[in-house]
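Ready for a few worked exercises on helix packing and ligand contacts? Grab a viewer and follow along.

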Amino acid sequence: MNAALRPALRADSWPDDTLSPEHSRLMPSGNRMPLMGLGTLRLSVHTVQTVGHAFEAGFRMVDTSPDFHTQRGVGDAIRACGFDRDDIFVISKVEASADSYAALHKNLGQLRLKYVDLVLIHGSRGGDVDELAWHGLRRAKRDGLAHDIGVCNYAIDSIEELVYRTGEMPAVNQIEWSPFGHSPRMLDFCRDNDIVIQASSPLTRATRLNDDKVGTMAARYGKTPAQLLIRWNLQQGVVPLPKANHEQHLRENLNVFDFDIAPQDMLRLNGLNEHFSASARLEYI
Ligand SMILES: NC(=O)c1ccc[n+]([C@@H]2O[C@H](COP(=O)([O-])OP(=O)(O)OC[C@H]3O[C@@H](n4cnc5c(N)ncnc54)[C@H](OP(=O)(O)O)[C@@H]3O)[C@@H](O)[C@H]2O)c1
């Protein structure tokens with residue numbers, strides 16, 4: 001990475017962040033991003049109701065996308081919840097295409113919002129670098145349609161290539177991240193370059209919540225496996241986006257700010273890495 005392209009580390013970025021529900025991350029725009037958010041892939045058809053329950057439980061960030069078919073419901077839930085628009089952090093996505101500016105416009109139409117807090121290029125296969133799409137998002141940012149811009153599923157090489165070609169670092173890389181599938185190299189790279197990792201499928205789509213080691217460790221802390229996995233993300237400075245339809249799950253997933261995973265247990269959880277992916281493969285490895 002060309003050192004000149006690296007933004008200076010911001011004063012209150014990881015690892016100095018305090019882990020509390022009220023705390024947030026400072027973004028390049030000066031906007032603040034909550035430490036965790038609600039995923040909405042395969043959310044119930046009752047999106048407005050479920051997102052409303054999530055707001056009641058304490059969530060203040062929602063991850064949506066046209067292909068999740070939740071944008072209308074998320075927008076309606078925001079209008080119905082009684083909070084100011086500024087109090088909710090909305091993430092949307094555009095497919096890698098030259099017309100990302102128009103795609104974001106369309107998303108805003110579905111959300112019926114004037115701006116999103118973060119818009120991401122929805123990359124796949126490690127993130128084929130799409131310079132034109134990135135320029136479209138940069139323009140959207142300049143025009144106030146998005147506060148910050150980032151990518152999904154980008155490998156380190158793709159991020160470096162994007163920055164080399166355009167001179168602008170993504171604020172976020174949204175990638176699958178759990179003890180069973182993660183990358184120490186990516187974590188170091190993102191820390192060094194002040195890129196926030198947002199964890200998609202942080203609960204492995206519930207496929208590994210019955211793992212014996214996780215269950216035993218979680219019980220030792222008086223927590224559930226889901227809470228242990230979410231806390232493991234938070235303690236690395238990674239921003240998890242657990243999806244939950246059930247109200248009990250929504251509340252449980254936020255109840256992760258009253259315990260610390262000890263360093264040796266963090267290492268044990270790191271040791272579960274097998275590059276597992278809930279969506280067939282880890283695209284950024
Ligand atoms: N950018 C991308 O390419 C991409 C790809 C995948 C995902 N994502 C984002 O990441 C979000 C999260 O990933 P995901 O939806 O794939 O899966 P996930 O959050 O890892 O897992 C969701 C599953 O976990 C269950 N669950 C939630 N809380 C639980 C708890 N406390 N105890 C037990 N089970 C619990 C849910 O059940 P219930 O629903 O029944 O409560 C659901 O079955 C997505 O919704 C999406 O916003 C982005």
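Contact here means heavy atoms within 4.5 Å. Keep in mind that the model is predicted.

**Exercise 1.** Work out which residues of H3 meet H4, and how the two helices are oriented.

*Solution.*
- Start with the axes: H3 (residues 100-111) and H4 (residues 131-142) have axes 7 Å apart, packing at an angle of about 55°.
- Angles under 35 degrees count as roughly parallel, 65 to 115 as roughly perpendicular, over 145 as roughly antiparallel, and the rest as oblique. H3 and H4 are therefore oblique to each other.
- Now the side of H3: Ser100, Tyr101 and Leu104 do the touching. Their partners in H4 are Leu132, Ala133, Gly136, Leu137, Arg139 and Ala140.
- Sort the residues of this contact by class and you get six nonpolar, two polar and one charged.

**Exercise 2.** Decide how H5 and H6 run relative to each other, then list who makes the contact.

*Solution.*
- The axes of H5 (residues 156-166) and H6 (residues 184-192) come within 10 Å and cross at roughly 25°.
- That makes H5 and H6 roughly parallel to each other, because angles under 35 degrees count that way.
- H5 brings Ile156, Ile159 and Glu160 to the contact, while H6 brings Arg185, Met186 and Phe189.
- The class tally for H5 with H6 is four nonpolar, two charged and no polar residues.

**Exercise 3.** Map the surroundings of the ligand, then find backbone atoms beside its oxygens.

*Solution.*
- Count the neighbours: 28 residues surround the ligand, and the closest are Asp63, Ser201, Leu203, Arg205 and His249.
- Next, the backbone. A backbone N or O atom of Leu41 sits 2.8 Å from a ligand oxygen, and one of Asn245 is also 2.8 Å from an oxygen atom of the ligand. For Thr204, a polar backbone atom is 3.2 Å from a ligand oxygen.
- Finish with the area: taken alone, the ligand exposes 910 Å², and the protein buries 87% of that.

Key. Residues numbered from 1 in each chain as written. Predicted model: local features only at pLDDT ≥ 70, side-chain atom pairs only at ≥ 80, totals over all residues. Heavy atoms only, no water. Axes fitted to C-alpha atoms, helices over the stretch in contact; angles between N-to-C directions. Helix = DSSP H or I, 4+ residues; strand = E, 2+ residues; numbered from the N terminus. Nonpolar A, V, L, I, M, F, W, Y, C, P; charged D, E, K, R; others polar. Near = heavy atom within 4 Å. Polar contact = N/O pair within 3.5 Å; in protein donor to acceptor, adjacent residues only side chain to side chain. Areas by Shrake-Rupley, 256 points an atom, 1.4 Å probe, with all protein chains shown as cover.
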